[in-house]
Amino acid sequence: MNVAVAKTGGGRAVSDLFASAEGRLSGSPDVIAARREAFESYERLGLPHRRIEEWKYTDLRALVGEVLPLAAAPDAAALKRASDAVKAHAIEGARKLVLVDGVFAAELSDVKALASEVSLMTLREALQKDAGVLKTVSTDAVIALNAALATDGVVLSIADGAQLSAPVQIVHVATAASVSVFTRSQVKVGKGARATIIESFVAAGAKTYQVNDAVIIAVADDADVAHIRLMDDAPDAVNITSQFVTVGANTKLNFFNMTSGAAVSRLQGFITLAGEGSELSINGVNLLQKTEHGDTTLVVDHAVPNCVSREIFRAVIDDRAHSVFQGRIIVRPDAQKTDGKMMTRALLLSDEAEADNKPELEIFADDVSCGHGATAGALDDTLLFYLKARGLPEKQAQALLIQAFVGEAIEQIADDGLREHVIGMAERWLERRS
Amino acid sequence: MMALLEVKDLKVRVEEREILHGLTLTVNEGEVHAIMGPNGSGKSTLSHVIAGKPGYEVTDGQILFKGEDLLEMAPEERAAKGVFLAFQYPVEIPGVATMTFLRTALNAQRKARGESEYSTPDFLKKVREVSKSLNIPQDMLKRGVNVGFSGGEKKRNEVLQMALFEPSLCILDEMDSGLDIDALRIAADGVNALRSPGRAMVVITHYQRLLNYIVPDFVHVMSRGRVVKSGGKELALELEASGYAQFEAA
Ligand SMILES: Nc1ncnc2c1ncn2[C@@H]1O[C@H](COP(=O)(O)OP(=O)(O)O)[C@@H](O)[C@H]1O
Ligand SMILES: [Mg+2]
């Protein structure tokens, strides 16, 4: 059992956390070295706070304060609970890869069914060979901490030309309270391949836990990928996820994120369009209530010419919750004919709800079409009255209008079943409203 | 004959200004009443207060519906009890499919009355029947409520709801505004089909034209927040000839 708590900001050493975890973090000598280096970098930086520009609206020192001790590997009882949670959150037809408290659980995963279509390793296995997966270009403290402490994850490779017959669903299950979980996964999609990747974050009884996940996705040329991330964490949880995505040429990538649940969450996505002629569709919904804080931070880097990117983001904020959307579009000097648009809208359901919007365009090419728009406002009273005059009680009238509001983002999901699943999550969120 | 709606000496303020200055009106079951009057006389205000729209302050008088105090009820309660207002300006609700809206509303009303929800096939059958009689194409029902509807389509959509919800009091606010003669005839036929001994209608209009299609039992003239004259259907024709000026001067 690990008992160390990493204090931050106050200058107290956080090395206990790493020292106590090190036994779990085996790997080749260069892996150990990479982890140590990453940890030292984290120790220098500490948890991000408001004076770090990228974290201005999400001050983890204030919101989270400390990193909880590393979760122990799940025992039989934990796996049983996880199994029930996985069933409850199942997506029909999807082939599951389940991580329980940060450890791959083969017995809950559809390894056999997947083996014929993808090549699969756990992070632990991958790190026996080399430290590649731990390396990302970033100076972000939470990413460094992830590299230092990631216990497990999945390393997937989809071959050139492969057409996956079913979605792959990576399910993160939390069963333990008062712990932190670090996972890191990698997905490589081959040239001309077609795949749907789903990531789900769910709780199995656990209430207070911290997730720090990192995902590295590389999509080759001529591919067609749908990537759906569904965050359904416990109300007291913390979920910080970092994504690094590179997209090749003539590829279609359709990403959707749903944030619902978690006291504090941040999805930070760094997406690079590295091949010409690709189309990126990035969509997301934040559903926040009580005192929840949900942050979606996206950097879309048009590094080459002739790519299209579209971002549609919707936040519904109730009670005293706080939603953050930071969207940056970078257009490099060479990236002529870039077409990049971003539209974000926030719906404030209470006077104390808060939305921060920070769209940024950094354009270094001259022949581009880029733009962004942002709105924030309450539900339209005229529409509410019309619905009430037709017999809908206040809450139901609101629910219908909220569903329509988030529908503009959800309808970007092409697959009918997945779209219905996401609509179901939104409906459950609406039912949880007080 | 039972009194369905009793408006007694109703005084209403909007933003500190009195709009209705003691309006009295009784509508019995099975009757069709027309309320005519110049623009700004308070016709829509009356209809909104009956439907429960926020922003109106009732300073005096009362409204009874089937003997119950309507002003004590939330708008959705009034709807479930059988009050229906066909709006002068029906709103557009993007992202809420008309079909979803109709089903949600109908079932909400039934639930409030302690009735069972409609099964999907029963509901679809009913919507199909009614929409066909109103010349509303099925694909219109898949679109967002009133989104991209023409003026005539919006009004027909109001009549469609009226037919589906089967209210006992229908208030039609300027149903004829913006409609050409064909559209008016279709909508009026839809309304006439709903006339029944247990149901009353209040037809609000500026023009006599509508009353050629929906023939009222009683006509009331409103001016400056009051009913200033009541009579039979011949009153509408008189007004057509003489205009509202005589009442405005009063
Ligand atoms: N929301 C409002 N705020 C201020 N004045 C209003 C409002 N609604 C109506 N009025 C005023 O009340 C009077 C009656 O309006 P209305 O009921 O719409 O008349 P009608 O439907 O007979 O044309 C008008 O003078 C109008 O300007
Ligand atoms: Mg009017």
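**Two sheets of chain B and the contact with chain A**

Let me start with helix α9 (residues 234-242) of chain B, which lies across β3, β11 and β12 of chain B and runs at about 115 degrees to β12(B). This is a predicted model, in which local features need pLDDT of at least 70 and side-chain atom pairs count only at pLDDT 80 or more, while totals for chains, interfaces and linings use all residues. Residues are numbered from 1 along each chain as its sequence is written, chains are lettered from A and ligands numbered from 1 in the order in which they are written, and side-chain values use heavy atoms, with hydrogens and water left out.

A few terms before I go on. Helices (H or I, at least four residues) and strands (E, at least two) are DSSP runs, numbered from the N terminus, and two strands pair if DSSP finds at least two bridges between them. Contact means heavy atoms within 4.5 Å, and the angles, which run from 0 to 180 degrees between N-to-C directions, are taken between lines fitted to C-alpha atoms, for helices over the stretch in contact.

The sheet under α9(B) is an open one of 6 strands in chain B, in the order β6-β9-β10-β3-β11-β12, with mixed pairing. Its edge strands are β6 and β12 of chain B, each of which pairs on one side only, and neighbouring strands are turned by 20 degrees against each other on average, direction ignored. Within this sheet, strand β3 (residues 32-36) of chain B runs parallel to β11(B) and is joined to it by 4 bridges, with Met36(B) standing opposite Val221(B) in β11(B). By contrast, β11 (residues 218-223) and β12 (residues 226-231) of chain B pair in the antiparallel sense over 5 bridges, and here Met222(B) stands opposite Val227(B). These two strands form a hairpin with 2 residues between them, and Arg224(B) in the turn has a positive phi of about 45 degrees. Another helix, α6(B), lies across β6, β9 (169-173) and β10 (200-205) of chain B, running at about 165 degrees to β6(B).

Chain B also has an open sheet of 4 strands, in the order β2-β1-β4-β5, with antiparallel pairing. Which strands stand at its edges? They are β2 (17-28) and β5 (68-69) of chain B, and because each has a single partner strand, one side of each is left without a neighbour in the sheet. Strand β1 (residues 3-14) of chain B is joined to β2(B) by 9 bridges, and Leu5(B) stands opposite Val27(B) in β2(B). Helix α1 (residues 43-51) of chain B lies across β1, β2 and β4 (57-65) of chain B, at about 110 degrees to β1(B).

Now to the interface, where the contact takes 29 residues from chain B and 16 residues from chain A. The buried area, that is, the accessible area (1.4 Å probe) that two parts lose on being put together, summed over both, is about 1,700 Å², of which carbon and sulfur atoms give 75%. In chain B, Glu76(B), Phe87(B) and Val91(B) lose the most area to chain A, together 28% of what that side buries.

How many salt bridges join the two chains? The count is 1, a salt bridge being a side-chain nitrogen of Lys or Arg within 4 Å of a carboxyl oxygen of Asp or Glu, and the side chains that meet are those of Arg390(A) and Glu158(B), at 2.7 Å, N to O. On the side of chain B that touches chain A, the elements giving two or more residues are α2 (75-81), β6 (83-86), β7 (93-97), α3 (98-112) and α6 (151-165), and α3(B) gives the most, with 6 residues. The residues of that side divide into 18 nonpolar, 7 polar and 4 charged, where Ala, Val, Leu, Ile, Met, Phe, Trp, Tyr, Cys and Pro count as nonpolar, Asp, Glu, Lys and Arg as charged, and the others, Gly among them, as polar.

Finally, a search of the whole structure finds 30 salt bridges over all chains. One of them, within chain A, joins Lys337(A) and Asp367(A) at 2.7 Å, N to O.
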